[in-house]
Amino acid sequence: MAEKTAKILVVEDERAIREMLVLFLKQQQFDVIEAPDYPTAVKKMAEKPQLILVDWMLPGRSGIQFIQYLKKHPDMQSIPVIMLTARSGEQDCVVGLSEGADDYITKPFSPKVLLARIEALLRRIYQKNHRIIDIDGLQLDQDAKRVTYQQQEVTLSHTEFKLLDFFMHNKEKVYSREQLLDFIWGNNIYLEERSVDVYIKRLRHCLAPYQLDKYIQTVRGMGYRFSSQIND
């Protein structure tokens with residue numbers, strides 16, 4: 001499963017618990033990095049973990065403060081966090097979740113339950129991100145129907161969006177005008193094949209300000225393809 005390749009950061013000051021977690025997660029085929037305290041955890045973020053397990057009580061600063069640190073940084077704030085702590089009070093759980101933890105598990109815990117929680121979180125994140133495709137900074141969000149390039153919004157019509165969506169999800173493949181008509185407009189709508197050329201021209205025009213029009217390539221005698229490999 002895709003989420004089993006995820007990199008997990010374990011932030012735990014008790015060595016025995018940390019080593020047990022690291023061993024267990026590695027046995028489940030996860031890539032694991034570890035930190036015994038707040039300052040080390042901050043440094044380990046440079047290794048880009050995809051999920052974090054963090055204890056509440058840490059040397060330096062608390063696990064809550066570490067979550068607050070993550071939420072202040074746009075490139076880290078979406079990383080899922082599970083608090084793994086001995087603080088079992090209801091109010092502690094409320095505070096942990098309200099500060100940004102995605103899940104809250106109290107010690108002692110079942111490794112099987114922990115694994116199930118981890119996989120559920122990663123599956124949710126994977127499914128969410130699967131709706132967004134990014135190629136060289138050109139990002140297409142299927143749910144929001146938005147296209148951006150390096151955080152600048154690219155304005156497209158509904159048909160231009162559908163055409164780009166199709167191309168980006170079928171990168172490097174060549175499609176004839178007839179195939180594009182079928183895939184984009186469907187069999188129930190009659191359009192001449194030259195209509196594809198018109199929309200290709202419009203899509204290139206929309207991408208030109210970002211020097212991305214060259215990604216929509218004409219394959220002579222065959223049709224069109226989307227490729228980031230530019231032939232000089």
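## A strand pair to start with

Which residue in β9 is the bridge partner of Val-147? Val-154 takes that place. Keep in mind that we're looking at a predicted model here. The two strands involved, β8 and β9, pair in the antiparallel sense over three bridges.

Zoom out a little and you'll see that this pair belongs to an open sheet of four strands, ordered β6-β7-β8-β9, with antiparallel pairing. β6 and β9 (152–154) sit at the edges, each pairing on one side only. On average, neighbouring strands in this sheet are turned by 25 degrees against each other, direction ignored. There's a helix on the sheet too: α6 packs there, touching β6, β7 and β8, and its direction makes about 110 degrees with that of β7.

## The chain as a whole

The chain has eight helices and eleven strands. Its C-alpha trace spans about 70 × 35 × 30 Å along the principal axes. The radius of gyration is 23 Å, whereas a compact globule of 232 residues would have one near 17 Å.

As for burial, 44% of the 232 residues count as buried. Take the contacts with a separation of 6 or more: residues 24 or more positions apart account for 55% of them.

## The β6–β7 hairpin

β6 and β7 run antiparallel and are joined by four bridges. One of the pairings to look for is Ile-133 with its bridge partner in β7, Leu-140. Two residues lie between the strands of this hairpin, and Asp-136 takes a positive phi near 55 degrees there.

What about the two sides of β6? In a regular strand, side chains alternate between the two faces of the sheet. Here, the covered face of β6 carries Ile-133 and Ile-135, while Ile-132 and Asp-134 are on the uncovered one.

## Two nonpolar cores

Nonpolar side chains in soluble globular proteins tend to be buried together. The largest nonpolar core in this chain has 30 residues, and Leu-138, Leu-164, Phe-167 and Phe-226 touch the most other members. Two or more residues each come from β6 (132–135), β7 (138–141), β8 (146–149), α6 (158–168), α7 (177–185), α8 (194–207) and β11 (223–226). The most generous contributor is α6, with six residues.

For a closer look, pick Leu-164. Leaving out residues up to four places away in sequence, Leu-164 touches Leu-138, Leu-140, Val-147, Leu-156, Leu-203, Leu-207 and Phe-226. Apart from the largest core lies another one, made of 22 residues, with Ile-33, Trp-56, Ile-64 and Tyr-104 among them.

## Ser-227, just past β11

Is Ser-227 buried or exposed? It counts as buried, because its relative accessibility is 1%, under the 20% cut-off. You'll find Ser-227 in the segment after β11.

A polar atom of the Ser-227 side chain lies 3.1 Å from the backbone nitrogen of Gln-229. Not counting residues up to four places away in sequence, Ser-227 also touches Glu-172, Lys-214, Tyr-215 and Gln-217.

## Backbone oddities and exposed loops

Most residues other than glycine have a negative phi, and most peptide bonds are trans. A few spots in this chain go the other way. Gln-29, in the loop between α1 (15–27) and β2 (31–35), has a positive phi of about 75 degrees although it isn't a glycine. Gln-29 counts as exposed because its relative accessible area is 58%, over the 50% cut-off. Lys-145, in the loop between β7 and β8, is another non-glycine residue with a positive phi, this one about 55 degrees. Lys-145 is exposed as well, at 52% relative accessibility.

The peptide bond from Lys-107 to Pro-108 is cis, with omega near -5 degrees. Pro-108 is in the loop between β5 (103–106) and α5 (111–129). Elsewhere, Asp-75 sits in the loop between α3 (63–71) and β4 (81–85) and counts as exposed at 58% relative accessibility. Asp-75 and Lys-145 are 70 residues apart along the chain, and their C-alpha atoms are separated by 22 Å.

Definitions and conventions:
Residues are numbered from 1 along each chain as its sequence is written. This is a predicted model: local features need pLDDT of at least 70, side-chain atom pairs count only at pLDDT 80 or more; totals for chains, interfaces and linings use all residues. Side-chain values use heavy atoms; hydrogens and water are left out. A nonpolar core is a set of buried Ala, Val, Leu, Ile, Met, Phe, Trp, Tyr and Cys residues joined through side-chain atoms within 4.5 Å. Buried means under 20% relative accessible area, exposed over 50%, partly exposed in between (1.4 Å probe, protein chains only). Contact means heavy atoms within 4.5 Å. A polar contact is a pair of N or O atoms within 3.5 Å; within protein, one must be able to donate a hydrogen and the other to accept it, and residues adjacent in sequence count only if both atoms are side-chain atoms. Two strands pair if DSSP finds at least two bridges between them. Axes are lines fitted to C-alpha atoms, for helices over the stretch in contact, and angles run from 0 to 180 degrees between N-to-C directions. The radius of gyration is taken over C-alpha atoms; the globule rule is 2.2 Å times the number of residues to the power 0.38.
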